[in-house]
Amino acid sequence: MMFHVWRVPDRSVQCSFMPSKQIAGTRASASVQMKTATAFLAIAAGLVIYSSLEFMLVEIQTEFSMSPNATIVVAQIAAGASLFAVFLAGALADRLGERRILSWASAAFCFGAVIVGLSPHEGTLIVGLAVGGVGSIVMAIVGLSVLNKTYPEKAQRARAFGLFAVIAPVAAIVVPLLSSAIIPRSNWRFVTILWVLVGLGTLLLVRRTLPKGTESSVRSELVTPALAGIALSGVALAFSFFGIGPKEGHHFPNGFISAGVASVATILLIMTMRRVATPTLDIRTMRRRGSFPILGALFLVNGVNLFFFTYLFLQFRYHQTLIETAVLLILPQAVAGVAAVWGGRLSARLGSARVAAFAFFSAAVLSLGALLVGAEASAWAPVIILTIAAIPIAGSVGPLTHAFMELAPEDGVGSASSVRNATVNLGIAIAGLITGTIIFNDLERDTEQNLAAYQQQADAFHLAGVFCFVSYLGAGLLVVLYARRRGVSVIRAAHH
C-alpha cells in the first residue's frame, strides 16, 4: 500500500491533501460564478434585441416601406407585448422552478428570433418581435431573481448589481459591431442569428448551473398575474398603435382593440383580487414606503435614451455608415461600462439612494451638453457629449435597481423583479415611444444635405438633450423622495 501511494502522480497527491473545506469553497465559488454568468446572459437577451434593432431599423423601414412612426412602433413593440408575461414569470417560476421556466423562455426567445428572421411582411415581423419580447422579459425576470438569490449579503449584492449594469454597455459595443458588419454584406435578417445564439447559450447554461427544482406543493392560482399582464400589455400596445396615426398605418384600429382589452382585464383583475383570499399577484413591494417614487424614477429614465438619440443623429446628420456609427459609439459605451462598475462599488459603500440621486442630477446637467452641438459641428461633438454624460447615466443603473430590490421581502424577490421589469418596459413602450417618435420625425423630415437641414437636425438633437434633462432631473427628485420615505419608515421601526 505504501508503494502504491508513492507511485501516485504529484498532482493527485496534492489534491489528496487539500483540505475538504477548501475544496468545498472552490466548488461553491465556481457555482456562484456560473450562476452569475447564467443570470447575466439571460438578462442580456432583451438588450441584444434592442441594441441590434437600432441598426436594423433603417433597413426594415426600407424593405417594408414603413413610415417613421410605424418604424418606431416596431422598435418598441417587443417591450409592450412582453408585459403580458411580466407577472406570470415569477408565479410560474415559484410553481415549476426557475430552471424549467428559464429553459422555456430561452426556447421562446429563439423561436421569436426565427420568426423575425423569416418574416415575409410587417405583420409577422411584429409577431416575431412580440414572441421574442415575451421570452426575453421572462429571461430577465428569472435571471434577476437568480442574481438576487446568489448574493444574499447586502454589500456583495450591490457590487453584483453594479456588474449587472455593465451588461448594457457591453451588449451595446459587441452587438452593433456585429450587426453593422453583417447587414451591409448580407441582410438585416441574418442579425437574428445572434439572437438565437444568445437563447441557445442561456439554455445550455441553465441546464448546467441551475438545480432541478421540484414542483411546488402549493397550487397557486394564475388568473391574477395573467390579468395584470394582459392589462399592462394592452395599455402599452394601445400607445404603440395609436402612435402610428390613423392616416399612416393600418394597425391604428388595433389601438382601440388593445385599449378595450386592457380595460376589460383591469376590471376582471379588480373583481378577482377582491374574491380570491390569497391572490398570486404579489404587490407587497409596492406597499413599502418609497416604492412609488423609485418606480417613477425607473419609468422616467427608461423613457429617454441619449445613446439611441445620438445614434440617430449620426445616421441622419453625418450620414455615417453602420460600421462607422458602431465604431464611434464604442468610446461612450466603454466609458459607460467602467462607470457602471464604479456605480455598484459606490452604492455598496455610500448607499444606493445617495449614489443614484447624485448620478441622476449629474446626468440631467450633462445631457444639456447636447445644446452645444451646432449645425456644422464635427461628428465627434455629439460623441464626446454622450461620452461625458454616459458616466452618470450608466452609474445610476445598478444603484437604482439595487434600491428597488431592497424593498423586496425575502419570499417575494421574483415578484419584485416582475414589478421592476414591468415598469422598465412600460417606460420604454410609452415614454420611449413618444420621445423616440418626435426625435425620429424631426431628424428625417428634411433629407437635403444643406445648412438648413443640418440646423433642423441639430435642433432635434437639442430637443433630445432637453428630454433627457427633464427625465433625469425628475428621476433624481423621485429618488430623494424615496430616500426620505425610507428614512421615516426606519425611524418608526426603531421606535417599535
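# A walk through the helices

Start your tour in helix H16, where Pro332, Gln333, Ala336, Gly337, Ala339, Ala340, Gly343, Gly344 and Ser347 are buried. Before you go on, note that the structure on your screen is a predicted model.

**Stop 1: along helix H16**

Select residues 330-350 to see the whole of helix H16. How many Å should its 21 residues span? At 1.5 Å a residue, the expected span is 30 Å, and the end C-alpha atoms of H16 are 30 Å apart, which agrees. Now click on glycine 351, which comes just after H16. Glycine 351 takes a positive phi of about 105°.

**Stop 2: the whole chain**

Zoom out and show the full chain as a cartoon. You will find 20 helices and 0 strands in the protein chain. The protein chain has 496 residues, and 55% of them count as buried. Its accessible surface comes to about 22,200 Å², and 66% of that surface belongs to carbon and sulfur atoms. Contacts tell you about the fold too: among those with a separation of 6 or more, 84% are between residues 24 or more positions apart.

**Stop 3: the nonpolar core**

Next, go inside. The largest nonpolar core has 135 residues. Which of its members touch the most others? Select Leu129, Trp195, Ile294, Phe404, Tyr472 and Val479 to see them. Then colour residues 20-64, which form helix H3. Helix H3 gives the most to this core, with 14 residues.

Stay with tyrosine 472 for a moment and show what surrounds it. Leaving out residues up to four places away in sequence, tyrosine 472 touches Val301, Val304, Phe360, Ala363, Ala364, Ser367 and Ile393.

**Stop 4: threonine 36 in helix H3**

Helix H3 is also the place of threonine 36. Is threonine 36 buried or exposed? Its relative accessible area is 10%, so threonine 36 counts as buried, since the cut-off for buried is under 20%. Not counting residues up to four places away in sequence, threonine 36 touches Leu147, Thr150 and Tyr151.

**Stop 5: a salt bridge**

How many salt bridges are there to look for? The count comes to 1. To find it, show the side chains of arginine 189 and glutamate 63, which meet at 2.5 Å, N to O. Arginine 189 lies in the loop between helix H9 (167-182) and helix H10 (192-209), while glutamate 63 is in helix H3, so the pair ties together parts that are 126 residues apart in sequence. The two partners can also be described by their surroundings: arginine 189 is buried, with a relative accessible area of 18%, whereas glutamate 63 is partly exposed at 37%.

**Stop 6: serine 106 in helix H6**

Now select residues 98-117, which make up helix H6, and pick out serine 106. Serine 106 is buried, with a relative accessible area of 0%. Which residues is serine 106 in contact with, once neighbours within four places in sequence are left aside? They are Met139, Gly199, Thr202 and Leu203. Try a distance as well: the C-alpha atoms of serine 106 and valine 206 are separated by 9.4 Å, although these residues are 100 residues apart along the chain.

**Stop 7: leucine 314 and histidine 319**

Move to helix H14 (residues 306-317) and select leucine 314. Leucine 314 counts as buried, at 0% relative accessibility. Its contacts, leaving aside neighbours within four places in sequence, are His319, Gln320, Thr325, Leu328, Leu329, Ala379, Pro382 and Val383. The C-alpha atoms of leucine 314 and leucine 328 are separated by 9.1 Å, with their positions 14 residues apart along the chain.

One of those contacts, histidine 319, is worth a click. Where does histidine 319 lie? You will find it in the loop between H14 and helix H15 (322-328). Histidine 319 is partly exposed, with a relative accessible area of 40%. Its phi is near 55°, a positive value in a residue other than glycine.

**Stop 8: a nonpolar patch on the surface**

Finish on the outside. Show the surface and select Leu331, Leu366, Trp380, Ile384 and Ile388, which make a nonpolar patch of about 420 Å². Which helix gives the most to this patch? Helix H18 (residues 380-405) does, with 3 residues. Isoleucine 384 has its place in helix H18, and it is partly exposed, with a relative accessible area of 39%.

Methods
Residues are numbered from 1 along each chain as its sequence is written. This is a predicted model: local features need pLDDT of at least 70, side-chain atom pairs count only at pLDDT 80 or more; totals for chains, interfaces and linings use all residues. Side-chain values use heavy atoms; hydrogens and water are left out. A nonpolar core is a set of buried Ala, Val, Leu, Ile, Met, Phe, Trp, Tyr and Cys residues joined through side-chain atoms within 4.5 Å. Buried means under 20% relative accessible area, exposed over 50%, partly exposed in between (1.4 Å probe, protein chains only). Helices (H or I, at least four residues) and strands (E, at least two) are DSSP runs, numbered from the N terminus. Contact means heavy atoms within 4.5 Å. Patches are made of residues with over 30% relative accessible area and no salt bridge: like charges are joined within 9 Å, nonpolar side chains (Val, Leu, Ile, Met, Phe, Trp, Tyr) within 5 Å. Accessible areas come from the Shrake-Rupley method with a 1.4 Å probe; for residues, only the protein chains shown count as cover. A salt bridge is a side-chain nitrogen of Lys or Arg within 4 Å of a carboxyl oxygen of Asp or Glu. The expected span of a helix is 1.5 Å times one less than its number of residues.
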